[in-house]
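Me: Could you take me through one part of this structure slowly? I would like a close look at the sheet and what surrounds it.

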Amino acid sequence: MAKKILIMVASPKNERSGTLIPTKAFVEGMLESGDYEAEYVFIDRLNIKPCRGCLTCWGRPDGSCFIKDDDVPATRKKLEEADVVIWSFPLFLFSIPGQMKVLMDRIVGMVHPYMGQKLKEDGQNMNKPMHGLQNQKPGQKIILLSSCAWMDLDVVYEPIVKQFDIILGKGKYYLIACPQMRALHHRGGERRLNMLRKRYAEGGAELAKTNDISKETIDLMQKPIFGDDAYVTLVTEFVTHMFDRDDNF
Ligand SMILES: Cc1cc2nc3c(=O)[nH]c(=O)nc-3n(C[C@H](O)[C@H](O)[C@H](O)COP(=O)(O)O)c2cc1C
């Protein structure tokens, strides 16, 4: 039976999301192996009621939420059953988009409860999952595939890394960040976009073949396509003409 890739699309732009360009290429690279099937879920289109903050989920053996009359129970089931979960999201104010956060709050019962553990106790604790997923499907891979405008990925993704190291545990997920995406999407041209797609397709193919993605491959996927000076010129020009496009809104 084919293994399942679940792609959680968190850009409010849905199909017009720039992050979907590298995401789709990565997924196509995985699908080439013939071992996988893929399902895209557009978070923006889901009916998600916000978490009420009761934390009763942590008191239930299955960590389930008491709210049952929206799309979260079915989405959570998909997240539990997938072999590969790709969270495809644009970086918004150095964090995740709002709707993705609303969903994540609602599935807090999927992670181990906080039981008073200290992060700084022996200096080693950050290497252990402080929450970590409970009942995670054996072998399940989690990928954060995000795009942004800035180029200094280590700086702009520091808050995301801190957050997910505590939520999922260090080394329990892959972060693949794609810089310069908006300008690349709207002004990059097919040649550059195809260069990007090729890198991501190779990344996906590597994951399907080896069950891992090497640091070298992640570095290549994350490598800016534009040089620094060209990018500044392009972004300046792009911002000036932001309103030229009718697909902007
Ligand atoms: C509200 C908002 C906040 C943003 N914050 C950041 C940010 O903190 N850092 C960054 O590099 N880019 C930021 N961006 C740019 C987006 O991350 C970037 O354009 C992304 O590629 C859009 O992806 P999408 O087309 O899939 O939505 C922001 C964009 C918006 C609309």
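Reply: Happy to help; here is a walk through the sheet, strand by strand.

First, two notes on reading it. This is a predicted model, in which local features need pLDDT of at least 70 and side-chain atom pairs count only at pLDDT 80 or more, while totals for chains, interfaces and linings use all residues. Residues are numbered from 1 along each chain as its sequence is written.

Strands here are DSSP runs (E, at least two residues), and helices are runs too (H or I, at least four), both numbered from the N terminus. Two strands pair if DSSP finds at least two bridges between them.

With that in hand, the sheet is open and has 5 strands in the order β2-β1-β3-β4-β5, with parallel pairing. At its edges are β2 (36-42) and β5 (174-178), each pairing on one side only.

Now the pairs. Strand β1 (residues 3-9) runs parallel to strand β3 (residues 84-90), and 5 bridges join them. Here I7 has I86 of β3 as its bridge partner. Next, β3 and β4 run parallel and are joined by 7 bridges; F89 has its bridge partner, S146, in β4. Lastly, β4 pairs with β5 in the parallel sense over 5 bridges, and S147 stands opposite C178 in β5.

How buried is all this? A residue is buried if 20 or more other C-beta atoms, placed from the backbone, lie within 10 Å of its own, exposed if 12 or fewer, and partly exposed in between. In strand β4 (residues 141-147), 5 of the 7 residues are buried, so the strand is largely enclosed by the rest of the structure.

A nonpolar core is a set of buried Ala, Val, Leu, Ile, Met, Phe, Trp, Tyr and Cys residues joined through C-beta atoms within 7 Å. The largest one has 46 residues, and those touching the most other members are I5, M8, A10, V85, I86 and W87. In soluble globular proteins, nonpolar side chains tend to be buried together.

M8 deserves a closer look. Two residues are in contact if their C-beta atoms, placed from the backbone, lie within 7 Å. Leaving aside neighbours within four places in sequence, M8 is in contact with V41, I43, V85, I86, W87 and S88.

Finally, a loop: N14 is found between β1 and α1 (20-31). Its phi is near 50°, a positive value in a residue other than glycine. N14 counts as partly exposed because it has 13 C-beta neighbours inside 10 Å.
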